[in-house]
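Work through the exercises below with the sequence and the coordinates open beside you. Each task sentence is followed by a solution that goes step by step.

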Amino acid sequence: MATNDRVLVVGGTRGTGLLIAQLLLKRGQRVRVLARDPVAAATRLDPAIEVIAGDITRPETLTAAVDNVDQIVFTAGARSGRYAPESLVKATDYEGVLNTLAAAQLKRFKGRFLYMNSIGITTPSLGAMLINLLKRNTLVWRRRAEEEIRASGVDYTIIRVGFLSNAPANQRQIDVSQGALPLSLNRRTGRADVAEAFAAALHHPNASRATFEIIWGKGHQRENWDQLLDGLKPDAEAAGTLNG
Ligand SMILES: NC(=O)c1ccc[n+]([C@@H]2O[C@H](COP(=O)([O-])OP(=O)(O)OC[C@H]3O[C@@H](n4cnc5c(N)ncnc54)[C@H](OP(=O)(O)O)[C@@H]3O)[C@@H](O)[C@H]2O)c1
């Protein structure tokens, strides 16, 4: 792994993004976190993490954040588990991705853009219907965000996850696939396991221009993350299966 890269974590102020930021720091990366409220964010993050002010819905605030970064991890979204009107969902879950990509490309970003998404964006299910009612049409806007990332020309990895849990990492078997799993309550993923997946995907050659889905399996044993990602195929080869 190339250490000492500077990684920008958009969404690193809480939840999965915060776990990713802390894990990358532990693994020797330089970490920068974008924060709407930098003072509050700094109280939650290791002091060695650089916190920079910015809001993904306000493009003019992103220029400094994307300056001189080697990789970008994007986990931001309208807050988990809360109602969000479609205007907020569109501005955050869709336009926020585009704004970040555009700001990075203006700075001639050459690294990998790693995006956290949900399973179920292409396969209809009761779970997807309920999530789209709570956070209005979030899965519709997130599917469009994926399409924009793939069309942007940047190197990217898209990681789709199941319903999130705060269980510790490395307790459960991880199933990695490149299909279009429906969203359901029994398809779950731990935030800490997702953080491990992002850390591994940051530099794994097979994660380049690839989309994959991770959910907990039934067993307790697991391969290490490098082995799990070894079997990935680029989207150009896997595209037929990703959209259901
Ligand atoms: N909950 C689930 O089961 C589930 C399943 C699949 C995918 N997801 C998605 O996975 C991601 C991580 O979820 P999570 O529950 O771990 O995190 P979360 O608690 O929902 O955190 C969301 C993050 O996005 C940031 N954010 C929101 N709007 C922003 C804006 N305008 N500008 C900058 N940052 C902004 C928040 O910053 P602040 O600290 O400023 O609020 C926070 O850091 C989310 O995108 C979520 O929608 C969730």
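The exercises that follow concern a predicted model and deal with its ligand and its largest pocket.

**Exercise 1.** Identify which residues come nearest to the ligand, and describe the shell around the ligand by residue class and by the helices and strands that supply it.

Solution. Begin with the shell, which holds 26 residues, and note that Thr13, Thr16, Ser80, Arg142 and Arg191 come nearest to the ligand. Next, sort the shell by class, which gives seven nonpolar, 11 polar and eight charged residues. Finally, map the shell onto the secondary structure, where helix H1 (15–26), strand E5 (112–118) and strand E7 (163–165) each supply at least two residues.

**Exercise 2.** Find the distances from ligand atoms to polar atoms of Ile56, Lys135 and Arg142, and then state how much of the ligand the protein buries.

Solution. Take the backbone first: a polar backbone atom of Ile56 lies 3.0 Å from a nitrogen atom of the ligand. Turn then to the side chains, where a polar atom of Lys135 is 3.0 Å from a ligand oxygen atom, and where an N or O atom of Arg142 is 2.7 Å from an oxygen atom of the ligand. As a last step, consider the area: the ligand taken alone exposes 910 Å², of which the protein buries 90%.

**Exercise 3.** Characterise the largest pocket by its volume, its lining and its occupant.

Solution. The largest pocket contains about 1200 Å³ of space. Its lining comprises 42 residues, with Thr75, Gly77, Ala78, Arg79 and Ser80 closest to the centre. Sorted by class, the lining has 17 nonpolar, 16 polar and nine charged residues. Among the elements that each supply at least two lining residues are strand E2 (30–35), helix H4 (86–106) and helix H6 (138–151). To close, the ligand takes up the space of this largest pocket.

Terms used:
Residues numbered from 1 in each chain as written. Predicted model: local features only at pLDDT ≥ 70, side-chain atom pairs only at ≥ 80, totals over all residues. Heavy atoms only, no water. Near = heavy atom within 4 Å. Polar contact = N/O pair within 3.5 Å; in protein donor to acceptor, adjacent residues only side chain to side chain. Areas by Shrake-Rupley, 256 points an atom, 1.4 Å probe, with all protein chains shown as cover. 1 Å grid on protein atoms, 1.4 Å probe; cavity = no way out; pocket = protein on both sides within 12 Å on 5 of 7 lines; lining within 4 Å. Sits in = over half its atoms within 2 Å of the grid points. Helix = DSSP H or I, 4+ residues; strand = E, 2+ residues; numbered from the N terminus. Nonpolar A, V, L, I, M, F, W, Y, C, P; charged D, E, K, R; others polar. Points joined across faces, edges and corners; volume = space filled by probe spheres on them.
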